[in-house]
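Student: I would like to know how the labels put on a structure follow from computed values. Please take me through some of them.

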Amino acid sequence: MIRKARLRDLPRIMNIYSEAKKFMHKSGNKNQWINGYPSEEIIMKDLENGNLYVEEINDTIIGCFAFIIGIEPTYHKIEGNWLNDEPYGTIHRVASDGSTRGFSDRCFKFCKSKISNLRIDTHQENNPMQAAIKRNGFQYCGIITLLNGSPRLAFQLNSSSNT
């Protein structure tokens, strides 16, 4: 079951992000989610804004992600082209505890049920996430730049058309 996160979920969520960082490092992605990112402050902001979601299996939170319908400022400029300029949802900070397979697929399916036009970005070294993104039908659109100057591969899925 995917649901909005609650304040009491915060310790478990932060633990999942900690474990996800270790997994990223072991899988060759040593430059994403560094220097304390995502911080508890960022996660709290997601929570307070109603944009933080968790998946529970047997009353245990196994994964989390941020999902925001609306404009993502870092997506204004892209080296490449978005598929369209229609309203979209953005998926950020996808992480699981690794206890089950398919969390990202379920996350993307949930987001697609809310809005058919989705955008996501990831680090060039995050091969597991790139595979999940492509497996779920997202198309590579180009490179966006985060506020800190770091480039990210940008993808979009428009399930309401055949673009």
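The turns below set values against definitions.

Tutor: This is a predicted model, in which local features need pLDDT of at least 70 and side-chain atom pairs count only at pLDDT 80 or more, while totals for chains, interfaces and linings use all residues. Residues are numbered from 1 along each chain as its sequence is written, and side-chain values use heavy atoms, with hydrogens and water left out.

Student: Why is Asp9 called buried?

Tutor: Buried means under 20% relative accessible area, exposed means over 50%, and partly exposed lies in between (1.4 Å probe, protein chains only). Asp9 has a relative accessible area of 6%, so Asp9 is buried. Arg3, at 9%, counts as buried too.

Student: What makes Asp9 and Arg3 a salt bridge?

Tutor: A salt bridge is a side-chain nitrogen of Lys or Arg within 4 Å of a carboxyl oxygen of Asp or Glu. For Asp9 and Arg3 the N to O distance is 2.8 Å, so the pair meets the definition. The structure holds 7 salt bridges.

Student: Which residue besides Asp9 does Arg3 pair with?

Tutor: Arg3 also forms a salt bridge with Glu56, with the closest N and O atoms 2.9 Å apart. This pair links distant parts of the chain, as Arg3 is in strand β1 and Glu56 in strand β2, 53 residues apart. Strands (E, at least two residues) and helices (H or I, at least four) are DSSP runs, numbered from the N terminus. Both Arg3 and Glu56 are buried.

Student: How do you know that Glu19 and Lys22 are about one helical turn apart?

Tutor: Glu19 and Lys22 are 3 residues apart in helix α1 (residues 10-26), so about one helical turn separates them. An α-helix has 3.6 residues a turn, so residues three or four places apart point the same way. Glu19 and Lys22 form a salt bridge, their closest N and O atoms being 3.3 Å apart. Glu19, at 34% relative accessible area, is partly exposed, and so is Lys22, at 46%. Salt bridges that share partners join Arg3, Asp9 and Glu56 into one network.

Student: How do you know that the span of α3 is close to the expected one?

Tutor: The expected span of a helix is 1.5 Å times one less than its number of residues. Helix α3 (residues 103-114) has 12 residues, for which 16 Å is expected, and reaches 17 Å from its first C-alpha to its last.

Student: What makes the buried residues of α3 line one face?

Tutor: The buried residues are Phe103, Ser104, Cys107, Phe108, Phe110 and Cys111. Seen down the axis of α3, they fall within an arc of 160 degrees, so they line one face of the helix; the arc is that of the directions from the helix axis to the C-beta atoms. The face turned away from the buried side carries the exposed residues Lys109 and Ser113.

Student: Why is Ser150 called buried although it is in a loop?

Tutor: Ser150 is in the loop between β7 (139-145) and β8 (151-158). Its relative accessible area is 18%, which is under 20%, so Ser150 is buried. Leaving aside neighbours within four places in sequence, Ser150 is in contact (heavy atoms within 4.5 Å) with Ile144 and Thr145.

Student: Is Asp59 buried or exposed?

Tutor: Asp59 counts as exposed, at 73% relative accessibility. Asp59 lies in the loop between β2 and β3 and has a positive phi of about 65 degrees although it is not a glycine. Most residues other than glycine have a negative phi.
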